[in-house]
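Here's a quick briefing to read alongside the model. Have the viewer open and hop between topics as you like.

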Amino acid sequence: MSRTPAKQILVQLLSGVREPVLVVDVAAKDWRTKYFNPALVRLLGMSSGDITGQSGEKLMFRIAGTAGVNALRECDADHPQIDFDSQFMKSDAPDMHINGRVMSLQGNSSLRAVFLNEVPPQQASVPTSSGAFRTSINDTVTVFLNREPWLEVLNRDAAIAAREQAWLAVIVFRVEDFDSYVETFGQHAGDSALKRIAHSLRRRLKRSGDTAGRIADDEMAIVVHGSMAPAARQFANSIADDVRALAIHHPKSSSGRHLTVKPGVCALVPADGQDAQRMLQRARELLDTRASIAPVPASLTAH
C-alpha cells in the first residue's frame, strides 16, 4: 500500500533529525500529539508512552509557554511558518533558551510540525537586520510573556471581545514585600521564588487563550477570556491561596511569615479596544486598596 503524501513528509521530517520535533493535529481535541522523535523524549525527560496521544497544546505550553502555543495557534494556510523564542524550564538542569519553528504540513491541513533548537547562552539575543538586538518575548524567570508582548495580546483580545461582546478579565498579582525578600535572601532566591509562584499560576490556566505575563519585577498578570466578575474573583483568590500554600518563608512579610500575592481584578465586556489599557490600570489601582476586586461595571466610565 502506498504512503499518503502527508505520511511521506512526516517520515522525512522525523528520520535522522537531531533537533526535537513534535507533530500535532490541531483539528483534534487539545491538539492531540501525532508524532515525535527521540530528541523530544530526551528534552522532556518523559517516556514515549507518556507523550503518545497526549495534548499537544499542553506539551507546547510546557516547552515554550504562551509563545509556543500562540505560534501553534496562528500557523495556518495564510501563515504556513511561524517562528518563536522562549525559555524551557527544566527541573533537573539550568533553564534552556530555545527557538522554534511551526510549519503547516502540505497534504494535511490539520497537521503542524514544531522544530525546536537550543540556543547557546551567548546567542540568546541576536542582532536584527537593522543592527538592534532582538530578545526573547518571554521573561527568563517566569517564562511568561514580557510586558510589551503581553500588552499586545491584551490589546488584541480586548478588541476581539469588544467586537464579539464577550467578557474579558484582567487579573494582576503583586508579590507582596518582594523587595525585602530579595534584600534578605538574595536575587537568586528571589528568582527561585518567582518561578514557584509562576508555576502555581500556570497550573491554574486551563484555556489556551488565557495568557500570562510578567509586567513588573514583582507583578504578573493574566488575560482571562469569558470570565465574568464573580468567576474572575474566585479564580484570582484560588491562585492567591495556592501561593500561600507554597509556604515560601519570608520573616519580613507584612502579611504573615510567608510570601503572598495580592490580586487586582477587572472584568467586563470591553466597549472598544481602548478599554484594554484602562482595564489594566484599574486592576493595578485595586492592588493598593482593600477591595482588590473591581465592582461589576456597565462600562469603565462607571469606576
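**Starting from one loop residue**

Let's begin with Gln165, which has a relative accessibility of 55% and therefore counts as exposed, the cut-off being over 50%. Gln165 sits in the loop between α5 and β8 (168–175). Its phi is near 55°, a positive value in a residue that isn't glycine. Keep in mind that this is a predicted model.

**Another positive phi**

- Asp177 is also worth a click: its phi is positive, about 60°, although Asp177 is not a glycine.
- You'll find Asp177 in the loop between β8 and α6 (178–185).
- Asp177 has a relative accessible area of 27%, so it counts as partly exposed, a class that lies between the 20% and 50% limits.

**The overall build**

- The protein has nine helices and eleven strands.
- Of its 303 residues, 48% count as buried.
- Take the contacts between residues at least 6 apart in sequence: 58% of these join residues at least 24 apart.

**Nonpolar cores**

- As background, nonpolar side chains in soluble globular proteins tend to be buried together.
- The largest nonpolar core here has 58 residues, and the members that touch the most others are Phe84 and Leu201.
- Helix α4 is the top contributor to this core, giving nine residues.
- What does Leu201 touch, once residues up to four places away in sequence are set aside? The list is Phe144, Phe173, Ala212, Met220, Ile222 and Ile239.
- There's also a second, separate core of 20 residues, with Trp150, Ala161, Leu168 and Val172 among them.

**Where α5 meets α9**

- Helices α5 and α9 (residues 275–285) pack at an angle of about 120°, and their axes are 8 Å apart.
- On the α5 side, the residues that take part are Arg147, Trp150, Leu151, Leu154, Asn155 and Ala158.
- On the α9 side, they meet Ala276, Gln277, Leu280 and Arg284.
- Sorted by class, this helix contact has six nonpolar, two polar and two charged residues.
- Trp150 turns up twice in this briefing: it is in the second, separate core, and it is one of the α5 residues that meet α9.

**A closer look at Arg284**

- Is Arg284, in helix α9, buried or partly exposed? At 27% relative accessibility it counts as partly exposed, because buried would need a value under 20%.
- Leaving out neighbours within four places in sequence, Arg284 is in contact with Arg147, Val172, Arg174, Ile215 and Glu219.
- One of those partners, Val172, belongs to the second, separate core, while another, Arg147, is in α5.
- Arg284 and Gly264 are 20 residues apart in sequence, yet their C-alpha atoms are 6.0 Å apart in space.

**The second largest pocket**

- If you're after a pocket to look at, the second largest has a volume of about 470 Å³.
- It is lined by 21 residues, and those closest to its centre are Ala67, Asp83, Phe84, Asp85 and Ile137.
- Which elements give two or more residues to the lining? They are α4 (56–74), β3 (81–88), β4 (96–104), β5 (111–118) and α5 (147–164).
- By class, the lining of this pocket has nine nonpolar, five polar and seven charged residues.
- Phe84 links two topics: it is among the residues closest to the centre of this pocket, and it is one of the two that touch the most other members of the largest nonpolar core.

Conventions
Residues are numbered from 1 along each chain as its sequence is written. This is a predicted model: local features need pLDDT of at least 70, side-chain atom pairs count only at pLDDT 80 or more; totals for chains, interfaces and linings use all residues. Side-chain values use heavy atoms; hydrogens and water are left out. On a 1 Å grid over the protein atoms alone, a cavity is a set of points where a 1.4 Å probe fits but cannot get out, and a pocket is an open set with protein on both sides within 12 Å along at least five of seven lines; lining residues have an atom within 4 Å of a point. Grid points are joined across faces, edges and corners, and a volume is the space filled by probe spheres set on the points. Helices (H or I, at least four residues) and strands (E, at least two) are DSSP runs, numbered from the N terminus. Ala, Val, Leu, Ile, Met, Phe, Trp, Tyr, Cys and Pro count as nonpolar, Asp, Glu, Lys and Arg as charged, and the others, Gly among them, as polar. A nonpolar core is a set of buried Ala, Val, Leu, Ile, Met, Phe, Trp, Tyr and Cys residues joined through side-chain atoms within 4.5 Å. Buried means under 20% relative accessible area, exposed over 50%, partly exposed in between (1.4 Å probe, protein chains only). Contact means heavy atoms within 4.5 Å. Axes are lines fitted to C-alpha atoms, for helices over the stretch in contact, and angles run from 0 to 180 degrees between N-to-C directions.
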